[in-house]
Amino acid sequence: ASKANMAESGEYVFCMFLTDKFAHWKAAYSFAKKKGLRLAIVPYGGFSYMQKGALYTAASVGDWLALIRDARYVITDSFHVAVFSIIYERQFYIFQRFKENEYTSQNARVDNLLEITGTKDHYIRYGSCRIAVNKDINYREIKEMLKKEIETSKQFLKQAIEGEK
């Protein structure tokens, strides 16, 4: 399938994994099969170049964003892919990228994002080979929550720049 056809149809699961976990690919395939959808993959390393699906090896940033925006579902372990999934109001699942107590873990920022947006039930444990299909994300609630967070952030920045008066 051409990129244009996939992007127009929205009949795919967008996948991008920064870690090379075979279990995560297994889970993504199983999920896509249950949903009757194909995978659109932006490969990052190792296993991702060997996957069955539409590979976008030369995807520009614009292509990457369009693939997220037009996907039916997004499956990733990337914080930034999760952020854009939320911005574009996509149904997404995100794998933990690091083991829980790993010294170099960056799980905290994903934990915080999912806590703020109320999407913790779309977080998949590190190394899991299964995605439990949870209820769809309610973006109406998330937009209200994010509005408050954005306002709080603006006030914080304003005080930091102008100082206490």
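Begin with the whole protein shown as a surface: its accessible surface comes to about 9,700 Å², and 53% of that area belongs to carbon and sulfur atoms. Keep in mind throughout the tour that this is a predicted model. With the surface still displayed, consider what it covers, for of the 165 residues of the protein 40% count as buried.

Now switch to a cartoon and follow the chain from its N terminus, where the elements run α-β-α-β-β-α-β-α-β-α-β-α, giving six helices and six strands in the secondary structure of the protein. If you turn on contacts between residues at least 6 apart in sequence, 60% of them join residues that are at least 24 apart.

**First stop: strand S3**

Select residues 54-55, which make up strand S3, and pick out Leu55 within that strand. Leu55 has a relative accessible area of 32% and is partly exposed, because that value lies between the 20% under which a residue counts as buried and the 50% over which a residue counts as exposed. Which residues does Leu55 touch, once its neighbours within four places in sequence are left aside? Show Ile41, Ser48 and Tyr49 to see these contacts of Leu55. For Ile41, draw a distance from C-alpha to C-alpha: Leu55 and Ile41 are 14 residues apart in sequence, and their separation in space is 4.9 Å.

**Second stop: helices H3 and H4**

Next select helix H3, residues 61-69, together with helix H4, residues 79-87, whose axes come within 9 Å of each other and cross at roughly 55 degrees. H3 and H4 are therefore oblique to each other, and the crossing in which H3 passes H4 is right-handed. To look into the contact itself, display the side chains of Trp64, Leu65 and Ile68 on H3, and then those of Val81, Phe84 and Ser85 on H4. How many of the residues in this contact of H3 with H4 are nonpolar, polar or charged? Five are nonpolar and one is polar, while none is charged.

**Third stop: the loop after H4**

Continue along the chain into the loop between H4 and strand S5, residues 91-95, and centre the view on Glu89. The backbone deserves attention here, since Glu89 has a positive phi of about 55 degrees although this residue is not a glycine. In terms of accessibility, Glu89 is partly exposed, with a relative accessible area of 33%.

**Fourth stop: helix H5 and the loop beyond**

Move on to helix H5 and select Leu113, which lies in this helix. Is Leu113 buried or exposed? Leu113 has a relative accessibility of 15% and counts as buried, because this value falls under the 20% cut-off. Around Leu113, and not counting residues up to four places away in sequence, you can display Phe79, Ala82, Val83 and Ile86, which Leu113 touches. Of this group, Phe79 is 34 residues from Leu113 along the chain, and the C-alpha atoms of the two are separated by 8.5 Å.

Finish at Gly118, in the loop between helix H5, residues 107-117, and strand S6, residues 123-124. Gly118 is exposed, with a relative accessible area of 54%. As a last selection, add Asn138, which is 20 residues from Gly118 in sequence, and draw the line between the two C-alpha atoms, which spans 9.2 Å.

Technical notes
Residues are numbered from 1 along each chain as its sequence is written. This is a predicted model: local features need pLDDT of at least 70, side-chain atom pairs count only at pLDDT 80 or more; totals for chains, interfaces and linings use all residues. Side-chain values use heavy atoms; hydrogens and water are left out. Helices (H or I, at least four residues) and strands (E, at least two) are DSSP runs, numbered from the N terminus. Buried means under 20% relative accessible area, exposed over 50%, partly exposed in between (1.4 Å probe, protein chains only). Contact means heavy atoms within 4.5 Å. Accessible areas come from the Shrake-Rupley method with a 1.4 Å probe; for residues, only the protein chains shown count as cover. Axes are lines fitted to C-alpha atoms, for helices over the stretch in contact, and angles run from 0 to 180 degrees between N-to-C directions. Angles under 35 degrees count as roughly parallel, over 145 as roughly antiparallel, 65 to 115 as roughly perpendicular and the rest as oblique. A crossing is left-handed if the near helix is turned anticlockwise from the far one by less than a right angle, and right-handed if clockwise. Ala, Val, Leu, Ile, Met, Phe, Trp, Tyr, Cys and Pro count as nonpolar, Asp, Glu, Lys and Arg as charged, and the others, Gly among them, as polar.
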